[in-house]
Structures are given as C-alpha cells and as structure tokens.
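Visitor: I should like to understand how the terms applied to this protein are justified. Please take me through the reasoning behind them.

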Amino acid sequence: MRRLGAIVTTAVLALAGVVAGGIVAGPAHADTQICTQFGSTAIQSGKFIVQNNVWGDSTTQCINVTNTGFSVTSAVHNLPQNGAPAAYPSVYAGCHYANCSSGSGLPLAVSDSRFSTIATSVSMTYPNNNSVYDAAYDIWFDPTPRTDGQNTGAELMVWINHTGSVHAAGSQVGTVNINGVNWDVWFGNFGWNIVSYVRQSPTSSISFNVASFYRDMVNRGFAQNSWFITSVQAGFEPWVNGTGLGVNNFSYSIGTNSPPPPPPGGQQIVGQQSGRCVDVPNSSTTNGTQAQLFDCNGGTNQRWTSTSSKQLMVFGNKCLDASGRGTTNGTPVVIWDCNGQPNQQWNVNSNGTITGVQSGLCLDASGQGTANGTKIQLWSCSGGANQRWTLRS
C-alpha cells in the first residue's frame, strides 16, 4: 500500500493509522463488491488479499473482486495531479497492517536464500475514459519481520504505466536497465525510503523476480540486505476517476523458479579483501556487462568454471573478458560470448592473483573497493589484497 505521493501532509500520515481498523470480509468465491473505504477480502482460499484502500480521498470507490483479481466499478476521484493519489486498490501476498494472506512465507529476511526465488506477475486492464493514474507494484521492506503497522525500511514501487502529469515520489536519480527493460529511477524519503522504477515503455503485464530490483536499490544505498520483505502488492493509484482499472490476474511464488544448478566444477571467485564474490549484475547475459563485487549468494551468476583453455566461464556460454581486448590499467572486465581469444584467457596463480594471459595484468577490485557494486577491472599487479582471490566451491 502506498501512503505518500508527490505531496506529504500531516493529514495523510494520520489517515494511514486508520487502515488497521478497516473492514475485512470473508473469502471471495462468487464476485464480491467492496465499497467501504478500507474494505478487503481474501481470494483463492486466502492465498491473496484484495483491498479497496481509499486512503487519500473522501469520495466513495467501489471494486468488484473475482477469484483472480478485481476491477474498479465506480470512482469519482478528482485530485490535483501534483499531489498525493486518492487510493491504492490492489491485490497482495504477505502481511499488511496485520491482515496476512496464507502461505506467502512473508515476512522473510532478504538474506534468506529463498528471497532470490520470489517471483510475481500481473496482467492489467486500462480504461479509455481520461482517468489519471499509475499502475504499479508496491513491495514493502522493514528492518524487522513486521506484520502490522507502517514499514519503515523501504517501499519499492514498479510503475508499468501512468497517465496525465503524475510522477513518482521524490525526484529522478538515474536510469537503469533491468532484465532488458529501461527504467527511470526515482527516490524520496518520507520517514522511509520510496524507490520507484518507472518503465520508459508502458505495458499492461509484467513478470519479474523481486530481487532484480532490490539488488539495484542496495547498490544505490537505498536498502539493506539485513531487512525483511513483508508484502508484494499490485494495483493502481488513481488521481482522477479510475473506473475501469482492473487486475485480470496476479501471481506470487516463493521457492520456485530457482536458478538452475551451476555447471560442473563451477566455483565462486571470492575477494580476499572484501569477502564478496565476482558477480554478473542482475544475472544479465548481455555481452559487455561489467563484473562486480556482490554478497556471495550461490547464484549461477557467481559460479565460474575454469576450462582447459584457461577460460573462466559463467552461464555455460559466457566468458570473463578484458573489454575490447584491452591491455591497459582500468580496462573493464566484462562477460562476452566465449570465443577462445587471449583476452578471455586467465592464469589462476598460487599467490591468489588471477592474471590475463594477453595483458599480464591482475584481476582487480576497482579503487580497492569492498562494497557491493564495486567494479572489476584490469590493473598492474601490486600485491594488494584487492587483487587476491580464492576459488570456492
């Protein structure tokens, strides 16, 4: 649930406390109509919860709940587009103000290996009636395994569409490509971090692993690996009208879609200075993706196979590569289709260094960095701890 839009007021914060007193209906089997401000009902035998959640407006909004989602059947919102939205009608898995769905496994520590398996998808319907809204995921994180009250860690929003002149909370701080899609990144803090990823090309459906966005949040310093994920929500924030908005289907899973097992002989390359692994960001398979340091998590994007031709192979067909066949200090170390060229050949030495056959330079954590996201490059061998590595099964 999103409680803050572009403008934050004391009244909004006060209203947020009302949610705990919302009306909770029994599980929905036949279609269920909800017009109460904070009314909700369970679907699919309690697996998900649908909520009306009119937190930012005094007008009535009604939703029709099916066994797979919901639609907004009546809404007369008419709020300024430079302020907060009227509501967040949505469907979710997890816990929201002590109203928990069944079987979600949430709250869950981000450090738990199952976090990387959390996957979700949604299919939406948009009306053609001049409604102003965003269509977005709202995924909540807290420093504790909270099941009630306001989360105070971070709110991850994934905007897949929006109309009018509305924009995400805070200000734009960058752009990023995640899973082959370009996103504008927005950040604001209103007592907790709100990090919004606004899709540059709108869509009505999406499927993704939550970790792919959360890792970028951590890399930017907006979230922590010590936090807990508490809920995964998908819905709409309307400013004007909103009638006809609908979620056709919503899915959430945990412990499925696990990465395939690493290829035989695959090992982690662990920095002796940092204790972190050489990692392919976001499990990207795009040629030219620069390797980085990241917390070791056992993923296939951190498993490297040393071949008989001195390649360090990941994903079964990509090799660690000196970009552009570079042989100078600062040459980025990237992944590329394995081609047998000498810039993809490496000597794994007994002193802990890994040197390029072509360049003679060492695999180096840039700037002697130890943090997640530190880039991997070539540099003259100096004996520094940022150039010593351990191969670990």
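**Cysteine pairs and a cavity**

Visitor: Why is C277 called buried?
Guide: In this predicted model, C277 has a relative accessibility of 0%. Buried means under 20%, so C277 counts as buried.

Visitor: What makes C296 partly exposed?
Guide: The relative accessible area of C296 is 27%. Partly exposed lies between under 20% and over 50%, so C296 belongs to that class.

Visitor: How do you know that C277 and C296 form a disulfide?
Guide: Their sulfur atoms are 2.1 Å apart, and the cut-off is within 2.5 Å, so the pair qualifies. C277 lies in strand β20 and C296 in the loop between β21 and β22, 19 residues apart.

Visitor: Why is the disulfide of C277 and C296 called right-handed?
Guide: The torsion about its S-S bond is about 105°, so the disulfide is right-handed.

Visitor: How do you know that C362 and C381 form a disulfide, and what does the pair tie together?
Guide: Their sulfur atoms are 2.1 Å apart, which is within 2.5 Å. C362 is in strand β28 and C381 in the loop between β29 and β30, so parts 19 residues apart in sequence are tied together.

Visitor: Why is C381 called partly exposed?
Guide: C381 has a relative accessible area of 44%; exposed would require over 50%, so C381 counts as partly exposed.

Visitor: How many residues line the largest cavity, and what is their character?
Guide: Eleven residues line the largest cavity: three nonpolar, seven polar and one charged.

Definitions and conventions: Residues are numbered from 1 along each chain as its sequence is written. This is a predicted model: local features need pLDDT of at least 70, side-chain atom pairs count only at pLDDT 80 or more; totals for chains, interfaces and linings use all residues. Side-chain values use heavy atoms; hydrogens and water are left out. On a 1 Å grid over the protein atoms alone, a cavity is a set of points where a 1.4 Å probe fits but cannot get out, and a pocket is an open set with protein on both sides within 12 Å along at least five of seven lines; lining residues have an atom within 4 Å of a point. Ala, Val, Leu, Ile, Met, Phe, Trp, Tyr, Cys and Pro count as nonpolar, Asp, Glu, Lys and Arg as charged, and the others, Gly among them, as polar. Helices (H or I, at least four residues) and strands (E, at least two) are DSSP runs, numbered from the N terminus. Buried means under 20% relative accessible area, exposed over 50%, partly exposed in between (1.4 Å probe, protein chains only).
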